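Visitor: I've got a protein on the screen and some questions about it. Could you walk me through a few spots?

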Amino acid sequence: MAKKKKSGSGSGPNSGGGAVPEALAKKAAKAQRQEKKKAKAERKVEKTGAKKNNKNKKDLPDSESDEDIDAILAELAREDAARTAITITPSPPPTRRSCATLLANPLLPHELVLFGGEHYDGQRVFMSGELLLYHTEARSWRRVASPTSPGPRSSHQMVATPAGRGFLFGGEFVGPAGNAFFHYKDFWAFDFKTYAWERLEVGKKPSPRSGHRMILWKHLIVLFGGFHDQGRTTKYLDDLHVFDTVEGVWRAVEVPDPRPTRRSGFGLCVSGETVVLYGGYTKETTKAGAKARGVVHTDIWVLKMSFELDKLRWERRKKGGVMPQPRSGATMVSYKGRGYMFGGVVDVKEDEENIESVCLDELFQYKIDQSRFYPVQVRKRNPNEPEKRPAARFNAAMCVQRSNLYIFGGIQEKDSKELTFADLWTLDLDKLTPYECLVEDELAMSTWLGAESGDENGEDDDDDEDDDNSDDDDDDDDDDDDEEEEEDEKEAGGGDDGVGRRAGKGKGAAVALTPAAAASAKRRKGKKWAGDDDAPDDAAAAATAAPPPQDANAVAADSTASAASADPAEPAEPDLDVANRPQGTDASLRNYFSRTTDYWFGKALEAAQGDGAGAAATAASMGAKQLRRVAFQLAEEAWQCDEARVAAERRVLEENEVDAAEARRRAEEGVRRGRRI
């Protein structure tokens, strides 16, 4: 039989009977399997190449992807033209922030308007572009979303006219790592009746700046000082500008000496024909090559106002009354011929190496006609009980509505911590009855994610470096593994145990980060600070973990319609807390994933725990590589949903003369954040 099988090659009666057709069938089946395998390999190569091409397009620098950017911007312009409605929706209390603006609505005696601000949690900075309304009688918050609005910022200035028009100028955008700063010089008008923003193009405006002060005198807006971060140096300003709200024109006013020196973060108040300037902060260099030192000013200057701007003159006033101790970052408002100043911070030099920051909770009044300071004595309900009052802080937002003073947010420096508040307080300035807390903040002391005193710098840097270097390999592996999984699922009937890629995509984006995952993120990504300027040790701090959602500050809240009015044909946007959404400062998907790695790892773990397994068991069963792949895919979905909005944020920064390349260079060099006043 073996010989017949060996010699027989035909299909005649002497060719070996049924053995030959069986052999031929096996050969045909083998050839078919090889052809199928070849076709599968070709499809895999084709799909992998297409994915890599798409990824490369996303990662191209702006100069190489102008065509795509132009298309996105054109589509956004069409959407803006079609969308004119302003939406107002109920909102939870604002997230913690400092350097925001708080104004009393001149048309509604029960409404306050809060805009902007920033929050630094020890690992990264969160910027806000929100506009929030507070009803002082109902004690409720609402959020306003507008088709056109200023970009996210802090340390800006905003004033309101009695006719119900607001004006906003300048401010700064701080990068997530806290070491790159973009200064605005845009000028906006705000309608307190319709809540509509309008960008004003009024010819030559003051130069970009933050930390300046503005105040309204009759129909003129007076602007003085501020600073502009130029990268390696910070330029403090002493120029005076006046905006005529009737004529719609800015004028630079040249005032001869004597006049206030360059400064920012000072107090400004007005009464009658007099504008008063008190204090401020400057960094000065006494010798060439020497390190700049902070100088806190305590002088008082008066500007006698006139509609003839060439007659404006500064006059220095003598100090009188009970002078407050030197401080910077205090907030001042005007009420009934007096300036009311709250809080501030003073640096106490312990020795040549150490400086301790002491924050203040004092409220002072400055009687403008007498040029005298006095502390405000608040009455106590019960002399035997401790007085309830706002905690010590600086850079709070403050305004007066009727006779009530309102204080929101601010910062308290405690040891190596920088604690940002989200509370709201009120005080009746006529009756001086005890302070009342309208919005409490019991978590302020526990929200710091940075280093404690005595921690060593550089911890976990090796882990971060390994994570960054492994991105390329993991992304390439993602493409190959995804294709194999797709084919395996097709051949095996598409079975899934709920732990894999599809479970991550289906559930992960809508689940909140658990406390355990947040704690794990904090341990893995805890960046340490160095130096007396409270600065991140390097630009890699941009990749640190995000805080729990309730502590995340709003970022780039660009005018979006409410969910109820969303087009049902559009894909649903992931239910992200705003701190972990893509931002205009994220140069690419990879940068975004690097910044929010721990957040998405937590999402991937939670999505995989749908079968009830614990986090440790789930992580062990998935493996680090698979877990990272699922996390990356979740981040990619969020990135794709927000690409248009991110492009719009970039456009805002570019329109306000932001040099992205310079910002990246400064971030790489590790320009220190320090205290922004």
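Guide: Sure, starting with one side-chain pair: T101 and H156 are joined by a polar contact (a pair of N or O atoms within 3.5 Å, one able to donate a hydrogen and the other to accept it; residues adjacent in sequence count only if both atoms are side-chain atoms). This is a predicted model, where local features need pLDDT of at least 70, side-chain atom pairs count only at pLDDT 80 or more, and totals for chains, interfaces and linings use all residues. Residues are numbered from 1 along each chain as its sequence is written, and side-chain values use heavy atoms, leaving out hydrogens and water.

Visitor: Is T101 buried or exposed?

Guide: Buried means under 20% relative accessible area, exposed over 50%, and partly exposed in between (1.4 Å probe, protein chains only). T101 has a relative accessible area of 7%, so T101 counts as buried.

Visitor: Which strand holds T101?

Guide: Strands here are DSSP runs of E, at least two residues, numbered from the N terminus. By that numbering, T101 is found in β2.

Visitor: In what order do the 5 strands of the open sheet come?

Guide: Two strands pair if DSSP finds at least two bridges between them, and the pairing here is antiparallel. β1 (87-91) and β2 (101-104) each have a single partner strand, so they stand at the edges. The order is β1-β7-β6-β3-β2.

Visitor: Which residue in β3 stands opposite L103?

Guide: β2 and β3 (residues 111-115) run antiparallel, joined by 4 bridges. Opposite L103 in β3 stands V113.
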